[in-house]
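Reader: I have a model open in front of me and would like to talk it through with you. Could we begin with its surface and then work inwards?

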Amino acid sequence: MADNLRALFSSNDPSAFDIAEAFTDRHTQWAVVAGALEEHLHRIAGRSFDVEDLEAPRRNLIVFHGVGGVGKSTLLRKIEAALTAAEHRPEQWGAPTWTDRVLPIRIDLSRAASAGSDFERVILTIRLALAEALGRPMPSFDMALRHYWEHAHPGEPLDEYIRRSGLTGRFTNMLPQQLQAGVGEMAAALALPGLVGSAAGQLTSALVSALRDRQERAQALAGATRTAALLEATPDLEALSYYPHLLAWDLNQLPAKKRLTPVVLLDTFEDTADRHRDLERLLQRLVWLMPNVFFVIGGRSRLPWADPSLHGQLDWTGPAAWPGLATSPSPAVPQPRTACSGARQYLIGDLSPEDCETHLARRLVQDDQPLIGAGIRAAITARSHGLPLHLDLAVSRFLEIRRTGRTPTAADFDCSFPALLARTLSDLTPEERHLLRSVSLLDAFDLDLATRTAGLTQQAPARRLTERPLVTENPYALWPYHLHRAIRSAVRDDDHSDDRWTPADWHQAATRALAALGDQWTNTAATGPSRLLLVACLRQGLRLARDHHLTDLGWLTDAAHAYTEDSVWEPLSLPADTSTEPVPDTPADALAELLTAIARRQHEHRQRTADRLTAVLDTGLLPAELAEVGLYYRAKAYKDLSQNQAARAGMQQVADAGGRYSPRARRGLANLARLAGDFPTALAAVPDLGWKGRHHRVLGDIHWSHADTAQAVNAFEAGRTEAEQHSAVGERAMTQVRLALALSFADPARAGDELALAHQLLNGLDQRSNTLLAQVVALIKDAGTHGITGRAQDLHTDIEAAGLPFLHRFVELALAFHHAVRGEDQALTATISRLRALTATGDFAYFTDIAHFMAALPLPEASTTRWAKNEDDVRTAWRGLVRARQEHLRGD
């Protein structure tokens, strides 16, 4: 309602639009409460239930915890309303299944703390609610409360205190009246009418004596086993904290027609925190001593009562005492079908984008239409990351802008709110605030990363921070912790807090974070390669170095080489709009752009890749060994674009440099020689290539081009084995595709098996050219059957979109084989014509020769191809593959 009032008073014309509370579903949380409450009602109605049993485990509570602003207070208010009257219950929640009478009592502990009140206020709030609902005294408790009041507040009437402390309401006067009525009942029970107006101490002494003497009428009114002992104790705050035991007993003695079950909702429980857990200890006694009362607790942190380490700080601790609180940390809220599980502690999550949209659309309405436009709602939703507090602050900002006479735009909401950060920082220690800012630099972290980024020597503060709900844990992730994204944005954008960081502070923390990431990667790499850790460290490290202009690339250089080593190409830091990337102005910028361009080439036209690499090389920001990487991959892009003269120049430059990319460049030159039809030169280069030059793959490509299937298969199998030995999954997949290619002409059955394995190995590697080549292999494997030409046309379209024109030649070669097998001379002539046009530059010209060989056609003119063996042998081998396929199809 406070938010509604703020909106109401934000305009001179509040009637211009409707202001409504936009509560967003939370039906699963209601299912949790309803299920647990139903279970509670069933338990306390059982014959075995004993309200005086102080040893049985307690299951009479539900805890909702979550980051500040996530909607815990709103949820508790809505639960209170839903339990009060059916018309206040959201329709989606459905009707409860119980018929028992329940009494919701919501207590805002933050308000209690701000008013300087504490446990007394909680006790009086509960008793006042019962006074209104029952209209009768609670004899045992009322006697003890009156005794306490005269001792703790001498001369101060209870009704005056209630009014002064803000506990006013329509039942303000009921409690003093009921206390007096209770005294009258007790005096009558003791047959001492003269004590009605006496001091509470006198009546208490008389009652204690009667209970000790086991007088039947006294025991009927105040016969709890421990009543006499409680009344004999000094009536101080410590005694008051045990009096709820008497109130529970009184409730249990109510006649069936009067019986009800209080549901006490303790909101903002985090405000009870203090160094010695004093108030928390008193509230825990309240919950424990009233097992017939159901409690719903909302706070920012998990309730740690099941933690045995708190023994001595609280009265009842450990999983045996609180089995529902001992469930694994922060379980997700279950679906309604599992709402009655033993868990009693749940994390309140963020709202979904759909719920955010609903909230904003319903919050302000004008002429039955949302006052906040769809574009603005989308911008707010994206920036909020589902945090309800951010939504409400954005609504306030919308009204503020509107009040100035300007129409709000989506850009006005691309911001964070200081109030959100202030709410977050309010209950953090200075050390935790420092840690919070430090880890806001990281997308995800573990205790070691957090500690080192903060420049601390002990992990304990980081552990404490991770236990707060503003940090989310995924135990299965590489780094299990990450900050709530809305809070992270607010921390990074902070320019209002008194202890906000200076740019130098951020720079120092970023330097520490980069070093910590590097140490994690290098230490792990020393014991065994971890691709997952490599990519994760690169993603965070590149962003840190780039955003904070860190000039020393350090370990990032070695990590960049390791990333490109195996051609897997996981996405790193990809710009949202690749057409407007800023020009790199630091080495870190240049390295990030270099690796992004290399990875993005699997999703962009190769000309785009060449242009991006040229731009980053032209900056001159890359050190020589990283410039070598750019030169090599630009040369590869030129090769894929059939710009082989530029490709050769680039490969030769890298090969002559003699750096770590020199073996790759020599392989590139050998492949370029093969593409030009100079097989002897390519074959001569193989012995010097070695593993780094992928010698087996180069050799296999030479052999299959000669229709020497057996030799090609042997080479590719050797290359696959070598890749497995080096744990090079990218190379293994590439070699497997070529193995299937070699077999696709000669053995379609085995080729199908090898192709299936190739697809399996390619899965998740993001190798677009090899994925398309595998589709070519499928065409060749199926050559001679129906539907090949249509599939080929679709594949041409995909190849054109990918910007990989060299693959068009492979598709036409597959069609040539298909038409030769089927004896379709006219179609074959057209295919050869297209191949001749595609190979006019000289590259892949030998594909035109092979097409003639397949159909036993003479070459129209002398060939420029230099085969590694006699040309007649090559012709015979290719024609033999066509005849073998024809025999195979006739056999089918």
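Reader: Happy to start outside: what share of the accessible surface of the protein chain belongs to carbon and sulfur atoms?
Author: Do keep in mind that this is a predicted model. The accessible surface of the protein chain comes to about 37,800 Å². The part of that surface that belongs to carbon and sulfur atoms is 50%.

Reader: And how much of the protein chain counts as buried?
Author: The chain has 41 helices and ten strands. A residue is buried when its relative accessible area is under 20%. Of the 892 residues, the share that meets this is 55%.

Reader: Which residues of α22 are buried?
Author: Helix α22 spans residues 485-492, and six of its eight residues are buried, so the helix is largely enclosed by the rest of the structure. You can pick them out in your viewer: A486, I487, R488, S489, A490 and V491.

Reader: Let's go further in. Which helix gives the most to the largest nonpolar core?
Author: As a rule, nonpolar side chains in soluble globular proteins tend to be buried together. Here the largest nonpolar core has 171 residues, and those touching the most other members are L591, W704, F745, F810, M854 and W878. With eleven residues, the helix that gives the most to this core is α38.

Reader: F810 caught my eye; what is it in contact with, leaving aside its neighbours within four places in sequence?
Author: F810 is among the residues that touch the most other members of the largest core. Contact here means heavy atoms within 4.5 Å. With the sequence neighbours left out, the partners of F810 are W704, L741, L773, V776, F844 and F847.

Reader: How many residues are in the second, separate core?
Author: This second core includes L279, V293, F294 and I297. Its residue count is 89.

Reader: Now for the empty space: how much of it lies in the largest cavity?
Author: The structure holds five cavities of 30 Å³ or more. For the largest cavity, the space comes to about 640 Å³.

Reader: Which residues that line the largest cavity are the closest to its centre?
Author: The lining has 13 nonpolar, eight polar and 16 charged residues. Of the 37 lining residues, the closest to the centre are K636, K639, R697, M734 and R738.

Reader: Last one: which helix gives the most to that lining?
Author: Several helices each supply at least two residues of the lining, among them α25, α28, α32 and α34. With six residues, the helix that gives the most is α30.

Terms used
Residues are numbered from 1 along each chain as its sequence is written. This is a predicted model: local features need pLDDT of at least 70, side-chain atom pairs count only at pLDDT 80 or more; totals for chains, interfaces and linings use all residues. Side-chain values use heavy atoms; hydrogens and water are left out. Buried means under 20% relative accessible area, exposed over 50%, partly exposed in between (1.4 Å probe, protein chains only). Helices (H or I, at least four residues) and strands (E, at least two) are DSSP runs, numbered from the N terminus. On a 1 Å grid over the protein atoms alone, a cavity is a set of points where a 1.4 Å probe fits but cannot get out, and a pocket is an open set with protein on both sides within 12 Å along at least five of seven lines; lining residues have an atom within 4 Å of a point. Grid points are joined across faces, edges and corners, and a volume is the space filled by probe spheres set on the points. Ala, Val, Leu, Ile, Met, Phe, Trp, Tyr, Cys and Pro count as nonpolar, Asp, Glu, Lys and Arg as charged, and the others, Gly among them, as polar. A nonpolar core is a set of buried Ala, Val, Leu, Ile, Met, Phe, Trp, Tyr and Cys residues joined through side-chain atoms within 4.5 Å. Accessible areas come from the Shrake-Rupley method with a 1.4 Å probe; for residues, only the protein chains shown count as cover.
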